[in-house]
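The exercises below are meant to be worked with the sequence and the model side by side. Try each task before reading the solution that follows.

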Amino acid sequence: MTTLTTGKQYGLFINGKWEQTAEMMEVLNKYNQEVTAHISVAEKEHVDAAVQGAKEAVKAPFSPYARYEVLMKAAQLLVERCEEFAQVLALEVGKPIRESRGEIERAAQTLVISAEEAKRIHGEGIPVEAAPGSENRMAFTVRVPVGVIAAITPFNVPVNLVCHKIGPALAAGNSVVLKPAEVTPICALMLAELMEEAGLPKGRLQVLTGGGAEIGEWLLENKDVNMFTFTGSPRVGEYIRSKAGLRKVALELGNNSATIVHNDANLEQAASLIAQKSFNNAGQVCISVQRVYVQEDIFASFIALLKQKTEKLVVGDPSDESTDIGPMIRIGEAERVESWVNEAVEQGATIALGGKRNGALYEPTILTHVNDDMKVCRQEVFGPVVSVATYKEKDEVIAKVNDSDYGLQAGLFTNDLQFAMKASREIEVGGLIVNDASAYRVDHMPYGGVKNSGNGKEGPKYAIEEMTEERIIVLNL
Ligand SMILES: NC(=O)C1=CN([C@@H]2O[C@H](COP(=O)(O)OP(=O)(O)OC[C@H]3O[C@@H](n4cnc5c(N)ncnc54)[C@H](O)[C@@H]3O)[C@@H](O)[C@H]2O)C=CC1
Ligand SMILES: O=C(O)[C@H](O)CS(=O)(=O)O
């Protein structure tokens, strides 16, 4: 098994072989900005070879039980190598080491759930004999793999979000051509090694690294790709949908997640969970709490608690056990966040806490006196900034939450069952989390958004539905 050591050069993983290219791309340590490894840059010929190999591989028998065994073995290997993977995540993402270990543990679970689902894929009996003239017929459906799936993944959760694509795709009997984010590709390459060791048949998983736009274009041009599953920015997601034609496309895109704190809520619990879930992975989580709406009579006490809890978060070196918040993915991203906060302040917002940048590190920041049209509220911050505003009435706050181009998940703290049920019906999201913040996810639940947050659901059972076709078999007896 490869470990990330400074200077290591990684190849592409095509048809079970590692292939280094002439052109290489640097991967940075996100905390000190030093070059830590190099990855190969795929050309069109590599993309076509990977797709061709994936197409051939999908024709070879690979029974549901064999898929189950490979995925279970891969999960076991991942658990055994948790520390090794976590150290790489801390380096290539800048994710604090304790959080990195959490991601690996969740990724292993995603593989286990996918393995289990491999044994449960089923169709249903269809009573065609109920139609006049079909009395002598019987029918049932089966779910068949779509074939070759191109999986394109983002930088922020580069092990678990890759497992959310390759786990269900392989469980359903497909082949996958994976294109991980160019800034965090090492863990995906390590996963390919691990899959190989777990016994995955050659060609079932191909990994291409290099420029997203180029590889994306070549994958889109290749008609042997049957489906695209993409997690990333709305801009790229929309582009893929516009170019994919009639092929299947599943999109997990951005969000500017809202969480409501009603005046009957447990404020201590709400402040603790919001402090934690606004700043995990430096806010680079697409269900990260970005907009908090607090009922006006509890605003002062809520802000005091939120500040108190957020002040305790340690910003610094992600490999340090005590660190809660590491660097953002690029210095330029931290500069963007800084400029959005400064602009909000010019427009009347107050910095209740934080607001300072040191290179790629941006302090956890709480803004008050915001309005819904500031960038920090209207757009996706994808950084460690939370904006807190007030409301009076339930209908008013539901309208504020819904006044967004996005709709992935939202949170609601309340002990009022009527309000919880009203919000469940009226808030336009893929998931409403009651008595927790928006950023709650376990890996077997359906996960995916509405509006500009995308379409299709992840969670292995639901992703398998996306990654298979329903075929009806009719028997004329
Ligand atoms: N809904 C969800 O589950 C999640 C959504 N996201 C969203 O992802 C974004 C941040 O991630 P990034 O990696 O910066 O997103 P991104 O959209 O820049 O990149 C995502 C992937 O797309 C590739 N790519 C770039 N241009 C492409 C093109 N023209 N064709 C095909 N592929 C292309 C990149 O190389 C990368 O692998 C945020 O908007 C965030 O909300 C992130 C994580 C989870
Ligand atoms: O959307 C994301 O950024 C992740 O899916 C959230 S999680 O899976 O890491 O909880």
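Two strands count as paired if DSSP finds at least two bridges between them, and this definition is needed for the first exercise, in which the bridge partner of Ile126 in E7 is Ala139. The model is a predicted one.

**Exercise 1.** Work out the strand order of the open sheet that contains E6, E7 and E25, and state how its strands pair.

*Solution.* Step 1: begin with the pair E6 and E7, which run antiparallel and are joined by two bridges. Because two strands pair if there are at least two bridges between them, this count is enough for a pairing. One residue match to look for here is Ile126, whose bridge partner in E7 is Ala139.

Step 2: turn to strand E7, residues 137–145, which pairs with E25 in the antiparallel sense over nine bridges. Two matches can be traced on the model: Met138 has Leu475 as its bridge partner in E25, and Arg137 has Asn476 as its bridge partner in E25.

Step 3: put the pairs together, which gives an open sheet of three strands in the order E6-E7-E25, with antiparallel pairing. Strand E6 (125–126) and strand E25 (468–476) are the edge strands, since each pairs on one side only. As background, strands of a sheet pair through backbone hydrogen bonds, either parallel or antiparallel.

**Exercise 2.** Describe the open sheet that contains E1, E5 and E4, including its edges and its twist.

*Solution.* Step 1: the three strands of this open sheet follow the order E1-E5-E4, and their pairing is mixed. Step 2: strand E1 (8–10) and strand E4 (24–28) form the edges, each pairing on one side only. Step 3: from one strand to the next, the twist averages 30°.

Step 4: look at one pairing in detail, namely that of E4 with strand E5 (residues 35–40), which is antiparallel and extends over five bridges. Within this sheet, Met25 stands opposite Ile39 in E5.

**Exercise 3.** Characterise the surroundings of ligand 2: which residues surround ligand 2, and which polar contacts can be listed?

*Solution.* Step 1: list the shell, which consists of Arg106, Asn156, Val157, Leu161, Val285, Cys286, Arg441 and Tyr447. Step 2: sort these residues by character, which yields five nonpolar, one polar and two charged.

Step 3: take the contacts to oxygen atoms of the ligand, for which the cut-off is 3.5 Å between N or O atoms. An N or O atom in the side chain of Arg106 is 2.9 Å from an oxygen atom of ligand 2, a polar side-chain atom of Asn156 lies 3.0 Å from an oxygen atom of ligand 2, and Cys286 places a backbone N or O atom 2.9 Å from an oxygen atom of ligand 2. Step 4: on its own, ligand 2 has 290 Å² of accessible area, of which the protein covers 90%.

**Exercise 4.** Carry out the analysis for ligand 1, and find which helices and strand each supply at least two residues of its shell.

*Solution.* Step 1: there are 28 residues around ligand 1, and those that come nearest are Thr153, Glu182, Ser233, Leu253 and Glu380. Step 2: the shell divides into 16 nonpolar, eight polar and four charged residues. Step 3: helix H7 (212–221), strand E11 (227–231) and helix H8 (234–243) each supply at least two of the shell residues.

Step 4: among the polar contacts, an N or O atom in the side chain of Ser233 is 2.6 Å from an oxygen atom of ligand 1, while a backbone N or O atom of Gly232 lies 3.3 Å from an oxygen atom of the ligand. Step 5: ligand 1 taken alone exposes 840 Å², and the protein buries 88% of that.

Technical notes
Residues numbered from 1 in each chain as written. Chains lettered and ligands numbered in written order. Predicted model: local features only at pLDDT ≥ 70, side-chain atom pairs only at ≥ 80, totals over all residues. Heavy atoms only, no water. Near = heavy atom within 4 Å. Polar contact = N/O pair within 3.5 Å; in protein donor to acceptor, adjacent residues only side chain to side chain. Areas by Shrake-Rupley, 256 points an atom, 1.4 Å probe, with all protein chains shown as cover. Nonpolar A, V, L, I, M, F, W, Y, C, P; charged D, E, K, R; others polar. Helix = DSSP H or I, 4+ residues; strand = E, 2+ residues; numbered from the N terminus. Axes fitted to C-alpha atoms, helices over the stretch in contact; angles between N-to-C directions.
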